[in-house]
Amino acid sequence: MISEASPRPKAALGRTLAVLALLPILLIVLGSFLPSYPLRILDMIILYAILGLGLNIVVGYAGLLDLGFVAFYAIGAYTYALLSSSQFDLFLPFPLTLVIGAVLAGFAGVLLGFPVLRLRGDYLAIVTLGFGEIIRILMNNLDWLTNGPQGISRIRPPEIFGWALTTPLDFLYVLTALLVVVFLVVWRIEASSLGTALSAVREDQDAARGCGINTTRVKLIAFALSAIIGGICGVMFAGMQLYVSPESFTFWESLVIVLVVVVGGVGNPFGVIIGASLLILLPEMLRAYADYRLLLYGLALVMVILSRPQGILPRRYGPSWLMARLGGRH
């Protein structure tokens with residue numbers, strides 16, 4: 001009985017990975033035919049999808065509302081800007097700055113995690129919002145380090161083992177690979193014991209603690225992993241724009257990333273990708289209506305949230321559901 005049943009999960013996993021591989025293939029094929037401007041929009045969709053997947057660990061899996069996620073994004077961006085520009089005449093290799101940016105952002109995530117361990121709901125949201133604003137104000141006021149509101153320019157384009165990333169198509173390849181890696185990591189977290197612990201924390205922290213779950217460690221891990229992904233995205237953003245300033249990391253950016261998760265589907269990686277596509281494409285589609293752009297944008301979001309309160313793709317229709325369907329379990 002065991003030998004006959006055991007191959008089924010592996011077969012289902014193989015079929016699921018094959019289906020999931022269609023998305024990156026489609027992105028690369030589509031990108032090879034797109035002009036420069038639509039290709040840049042596609043790059044931003046992928047970037048925000050990765051940001052949403054990172055925030056989803058805290059908001060979707062742990063149930064902790066983080067309104068300061070843009071702080072980790074900013075830390076990664078400024079790390080690359082400072083270490084790969086003429087600001088201090090440091091031009092470190094891109095892979096090294098990527099690791100440094102991720103580590104610094106992860107450290108900041110742990111620092112944020114400690115003070116908010118006992119906070120929930122609105123209080124947690126207010127503290128994380130304040131943290132995001134503190135980082136932005138520091139970037140704006142530390143002229144000797146960040147060049148203040150003028151920002152940092154003359155950033156060297158990223159280079160990976162001799163391959164210079166200078167075109168939107170170059171970044172499409174890297175961002176697509178990064179999306180695949182982050183998606184698989186987030187999916188693995190969801191299906192692991194850590195994912196079970198995060199789910200317990202989301203449902204009832206007191207009950208989770210009573211069951212022997214170290215809620216302190218679980219929440220710190222969630223904040224750290226989420227921040228690391230945010231820092232990596234920040235490094236990629238600085239490499240794409242070759243210019244960073246505090247204006248790129250306002251509360252509005254944090255709100256957009258939260259909306260990517262909420263509108264797409266909290267706790268669902270597929271939904272996050274859909275949410276990123278909608279949140280980035282919608283403003284571009286409304287450019288022809290400049291006078292009413294924000295009004296139409298807000299109305300569209302309200303309609304989506306009212307019609308789909310659990311998100312466009314609810315939590316239950318995630319990768320595990322797809323794997324169960326492909327494995328023949330309904």
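Which residue forms a salt bridge with Arg136, and how far apart are the closest N and O atoms? Here are some notes on that and a few other features, with the reminder that this is a predicted model.

1. **The Arg136 salt bridge.** The partner is Glu133, and the closest N and O atoms of the two residues are 2.9 Å apart. Both belong to helix α7, which covers residues 121–141, and because they sit 3 residues apart there, about one helical turn separates them. Neither end is fully hidden or fully open: Arg136 is partly exposed at a relative accessible area of 24%, and Glu133 is partly exposed at 23%.

2. **A second bridge within one helix.** Arg209 and Asp206 join their side chains in a salt bridge, with 3.2 Å from N to O. The two residues are again 3 residues apart, about one turn, this time in helix α11 (residues 205–210). Arg209 has a relative accessible area of 42% and counts as partly exposed; Asp206, at 45%, is partly exposed too.

3. **A bridge between Arg202 and Glu203.** The side chains of this pair meet at 3.3 Å, N to O. Their surroundings are worth a look when you turn the model: Glu203 is exposed, with a relative accessible area of 58%, whereas Arg202 is partly exposed at 24%. In total, the model has 4 salt bridges.

4. **Aromatic pairs.** The count of aromatic pairs comes to 11. One of them joins Phe72 and Phe131, whose ring centres lie 5.8 Å apart with 40 degrees between the planes, a tilted arrangement. Phe72 is part of helix α5 (residues 70–83) and Phe131 is part of helix α7, so this pair ties together parts of the chain that are 59 residues apart in sequence. Both of these phenylalanines are buried. Helix α7 is thus a good place to pause, as it holds Phe131 and also the Arg136–Glu133 bridge.

5. **An aromatic cluster.** Elsewhere on the aromatic side, four residues form one cluster: Tyr73, Tyr78, Phe237 and Phe249. I would suggest displaying these together with the Phe72–Phe131 pair.

6. **Ser192 between two helices.** Where does Ser192 lie, and what does its side chain reach? Ser192 is in the loop between α9 (168–191) and α10 (193–203). Its side chain reaches the backbone oxygen of Ile189 at 2.8 Å. With a relative accessible area of 16%, Ser192 is buried, because that value falls under the 20% limit.

7. **The largest pocket.** This pocket holds about 730 Å³ of space. Its lining is made up of 30 residues, and those closest to the centre are Met44, Tyr48, Gln241, Ile280 and Glu284. Two or more lining residues come from each of α4 (36–61), α9, α12 (215–241), α13 (251–264), α14 (269–285) and α15 (293–307). Among these helices, α4 gives the largest share, with 6 residues.

8. **What the pocket lining is made of.** How many residues of each class line the largest pocket? The lining has 19 nonpolar, 5 polar and 6 charged residues. When you open the pocket on screen, Met44 and Glu284 are among the residues closest to the centre. Helix α9 contributes to the lining as well, and α9 is also the helix that comes just before the loop with Ser192.

Terms used
Residues numbered from 1 in each chain as written. Predicted model: local features only at pLDDT ≥ 70, side-chain atom pairs only at ≥ 80, totals over all residues. Heavy atoms only, no water. Helix = DSSP H or I, 4+ residues; strand = E, 2+ residues; numbered from the N terminus. Buried < 20%, exposed > 50% of the residue type's maximum accessible area, 1.4 Å probe, protein only. Phe/Tyr/Trp six-rings, centres within 6.5 Å; stacked < 30°, edge-to-face > 60°. Polar contact = N/O pair within 3.5 Å; in protein donor to acceptor, adjacent residues only side chain to side chain. 1 Å grid on protein atoms, 1.4 Å probe; cavity = no way out; pocket = protein on both sides within 12 Å on 5 of 7 lines; lining within 4 Å. Points joined across faces, edges and corners; volume = space filled by probe spheres on them. Nonpolar A, V, L, I, M, F, W, Y, C, P; charged D, E, K, R; others polar.
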